[in-house]
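Work through the exercises below with the sequence and the model side by side. Try each task before reading its solution.

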Amino acid sequence: MSPHEPHPHHHSGIASKSKLDAPGLLKSIGIRPGQVFLDAGAGSGYFSLAAAPLVGDAGKVCAVDIYAEGMAALRSEAARLGVRNVEAIVADITKSLPMPDASVDTCLMVNVLHGFVANGETAAAIGEIARVVRPGGVFAVAEWLKSAKTGRWNWRRLAREVKRRLS
């Protein structure tokens, strides 16, 4: 499946913007000036834009999402705000991130992991994240169930699997 084809997981719930304080969350995971930050499954870039001033001019924000519309919206908003350190990338995290190995200091995935779980793509997505996050880097996940339709998962088992793949 190319990034331009429809993806089987569709957004259908509460936007992260209405539930989370982006600057507070980013500071809590230790984002600092000069870092390369990856917003994995960035949507329209709420966390990407909040990360831009935290990594500063010496840092870089890579926003990745399979939905071209979200990345186009992020590019427009970054241009409107004069933000120059955000790169919006249309890519399928389960296939290949267009980034070198060990090139990311901090990766954040907000309310995206459940889609990979539902589609049986967790191993592929986490494998690609593990490839690009540098040794000793941070991979943070914020996730919640959006509706009863998403089902119930064994989150402890999933956390163990993520940890195993990142080791």
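**Exercise 1: Cysteines and disulfides**

Task: State how many disulfides the structure holds, and decide whether C62 and C107 are buried or exposed.

Solution: The structure, which is a predicted model, holds 0 disulfides. To see what such a link would be, recall that a disulfide is a covalent bond between the sulfur atoms of two cysteines. The next step is to look at the accessibility of two cysteines, for which a residue counts as buried when its relative accessible area is under 20%. C62 counts as buried because its relative accessibility is 4%, and C107 is buried because its relative accessible area is 0%.

**Exercise 2: The overall fold**

Task: Describe the secondary structure of the protein and give the order of its elements along the sequence.

Solution: Begin by counting the elements, which come to 6 helices and 5 strands. Then read along the sequence, where the protein follows the pattern α-β-α-β-α-β-β-α-α-β-α. A further step is to ask how far apart in sequence the contacting residues are: among contacts with a separation of 6 or more, 76% are between residues 24 or more positions apart. Finally, turn to the surface and the interior, where 44% of the 167 residues count as buried, while the protein exposes about 8700 Å², with carbon and sulfur atoms supplying 54% of that area.

**Exercise 3: The nonpolar cores**

Task: Find which residues have the most contacts inside the largest nonpolar core, and which element gives this core its largest share.

Solution: As background, nonpolar side chains tend to be buried together in soluble globular proteins. Here the largest nonpolar core has 25 residues, and those with the most contacts inside it are L26, I31, F37, V61, L74 and L108. Next, look at where the core residues come from: α1 (22-28), α2 (46-55), β2 (60-65), α3 (68-81), β3 (86-90), β4 (104-110) and β5 (133-142) each supply at least two of them. The largest share, 7 residues, comes from α2. Apart from this core lies another one, of 22 residues, among them V104, L113, F116 and V117.

To see the surroundings of one core residue, take L108 and leave aside residues up to four places away in sequence; its contacts then include L25, L26, I29, F37 and F47, as well as A140.

**Exercise 4: One side of a helix**

Task: Explain why the buried residues of α5 lie on the same side of this helix.

Solution: First list the residues of helix α5 (residues 122-132) that are buried, namely T122, A125, I126, E128, I129 and V132. These residues cover an arc of only 160 degrees around the axis, and therefore they are on the same side of α5.

**Exercise 5: Loop residues**

Task: Compare the backbone angle phi and the accessibility of A102 and N111, and then describe the surroundings of T94.

Solution: Most residues other than glycine have a negative phi. A102, although not a glycine, has a positive phi of about 50 degrees, and N111, also not a glycine, has a positive phi of about 55 degrees. A102 lies in the loop between β3 and β4 and is partly exposed, with a relative accessible area of 40%. N111 is found in the loop between β4 and α4 (113-118) and is buried, with a relative accessible area of 5%.

T94 also lies in the loop between β3 and β4, and at 9% relative accessibility T94 counts as buried. Its side chain is joined to that of D92 by a polar contact of 2.6 Å. Not counting residues up to four places away in sequence, T94 touches F116, E121, A124 and A125.

Definitions and conventions: Residues are numbered from 1 along each chain as its sequence is written. This is a predicted model: local features need pLDDT of at least 70, side-chain atom pairs count only at pLDDT 80 or more; totals for chains, interfaces and linings use all residues. Side-chain values use heavy atoms; hydrogens and water are left out. Buried means under 20% relative accessible area, exposed over 50%, partly exposed in between (1.4 Å probe, protein chains only). Helices (H or I, at least four residues) and strands (E, at least two) are DSSP runs, numbered from the N terminus. The arc is that of the directions from the helix axis to the C-beta atoms. Contact means heavy atoms within 4.5 Å. Accessible areas come from the Shrake-Rupley method with a 1.4 Å probe; for residues, only the protein chains shown count as cover. A nonpolar core is a set of buried Ala, Val, Leu, Ile, Met, Phe, Trp, Tyr and Cys residues joined through side-chain atoms within 4.5 Å. A disulfide is a pair of cysteine sulfur atoms within 2.5 Å. A polar contact is a pair of N or O atoms within 3.5 Å; within protein, one must be able to donate a hydrogen and the other to accept it, and residues adjacent in sequence count only if both atoms are side-chain atoms.
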